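Welcome, and thank you for opening the viewer. Please load the model, and let us walk through it one selection at a time.

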Amino acid sequence: MKIGDCIRLSETAVRVYGLGSDTGLIVDRVPQKTYSASEGYPDDYRVLINGKVELMGFGIEKTCEVLNENR
């Protein structure tokens with residue numbers, strides 16, 4: 001997943017983050033700045049959804065679907 005990709009989140013992610021929509025736009029990648037970065041954890045994401053930018057963990061990579069890939 002890259003910046004500019006339109007994604008559809010899983011029902012579980014929508015519930016966990018308390019969102020009203022399952023479709024969003026990746027606007028930024030947030031590097032791990034904690035000890036976990038040295039352990040090889042991937043970046044988190046900032047996703048524009050419902051008119052707000054939400055910080056979401058890298059775990060969404062496994063469950064979301066890329067609808068419109070940025071090229």
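A residue counts as buried when its relative accessible area is under 20%, as exposed when that area is over 50%, and as partly exposed in between. By that rule, 28% of the 71 residues of the protein are buried. Keep in mind that you are looking at a predicted model.

**Stop 1: the whole chain**

Begin with everything shown as a cartoon. You should find 3 helices and 5 strands. Follow the chain from the N terminus and the elements come in the order β-α-β-α-β-β-α-β. The radius of gyration is 12 Å, close to the 11 Å that the globule rule gives for 71 residues, so the protein is as compact as a globular protein of that length. If you draw a box along the principal axes, the C-alpha atoms fill roughly 35 × 30 × 20 Å.

Now switch on the surface. The protein exposes about 4,700 Å², and carbon and sulfur atoms supply 48% of that area. Contacts tell another part of the story: among those with a separation of 6 or more, 47% are between residues 24 or more positions apart.

**Stop 2: the strands, pair by pair**

Select residues 6-8, which are strand β1, together with residues 23-30, which are strand β2. These two run antiparallel and are joined by 3 bridges. To see one bridge, pick cysteine 6 and look across to its partner in β2, leucine 25.

Next, add β3, residues 44-49. Strands β2 and β3 also pair in the antiparallel sense, over 5 bridges. Which residue of β3 is the bridge partner of isoleucine 26? Valine 47 is the one to click.

Finally, add β4, residues 52-56. It runs antiparallel to β3, with 5 bridges between the two. One pair to highlight here is arginine 46 with leucine 55 in β4.

While the strands are on screen, show their side chains too. In a regular strand the side chains alternate between the two faces of the sheet.

**Stop 3: the turn at asparagine 50**

Zoom in on the place where β3 gives way to β4. The two strands form a hairpin with 2 residues between them. Asparagine 50 sits in this loop. Its phi is near 55°, a positive value in a residue other than glycine. Is asparagine 50 buried, partly exposed or exposed? Its relative accessible area is 46%, so asparagine 50 is partly exposed.

**Stop 4: the nonpolar core**

Select Ile7, Leu9, Ala13, Val14, Leu19, Ile26, Tyr45, Val47, Ile49, Met56, Ile60 and Cys64, and show them as spheres. These 12 residues make up the largest nonpolar core. Two elements, α1 (11-17) and β3, give two or more residues to it. β3 gives the most, with 3 residues.

Stay with valine 47, which you met at the second stop. Leaving aside neighbours within four places in sequence, its contacts include Ile7, Ile26, Met56 and Ile60. Gly24, Leu25, Val27, Lys52, Val53 and Glu54 are also in contact with valine 47.

**Stop 5: two cysteines**

Show cysteine 6 and cysteine 64 as sticks. How many disulfides does the structure hold? The count is 0. Cysteine 6 is in none, and its nearest cysteine sulfur, that of cysteine 64, is 10 Å away. That distance is too far for a bond, since a disulfide needs the sulfur atoms within 2.5 Å. Cysteine 64 has a relative accessible area of 13%, so it counts as buried.

**Stop 6: the start of the chain and helix α1**

Go to methionine 1, in the segment before β1. Its relative accessible area of 25% makes it partly exposed. Not counting residues up to four places away in sequence, methionine 1 touches Ile7, Ile26, Arg29, Tyr45, Ile60, Glu61, Cys64 and Val66. Try a distance label from methionine 1 to arginine 29: they are 28 residues apart in sequence and 9.6 Å apart in space, C-alpha to C-alpha.

For the last selection, choose threonine 12 in helix α1. At 45% relative accessibility, threonine 12 is partly exposed. Add aspartate 22, which is 10 residues away along the chain, and the label between the two C-alpha atoms should read 9.9 Å.

Notes:
Residues numbered from 1 in each chain as written. Predicted model: local features only at pLDDT ≥ 70, side-chain atom pairs only at ≥ 80, totals over all residues. Heavy atoms only, no water. Pairing = 2+ DSSP bridges. Helix = DSSP H or I, 4+ residues; strand = E, 2+ residues; numbered from the N terminus. Core = buried A, V, L, I, M, F, W, Y, C linked by side-chain atoms within 4.5 Å. Buried < 20%, exposed > 50% of the residue type's maximum accessible area, 1.4 Å probe, protein only. Contact = heavy atoms within 4.5 Å. Rg over C-alpha atoms; globule rule 2.2 N^0.38 Å. Areas by Shrake-Rupley, 256 points an atom, 1.4 Å probe, with all protein chains shown as cover.
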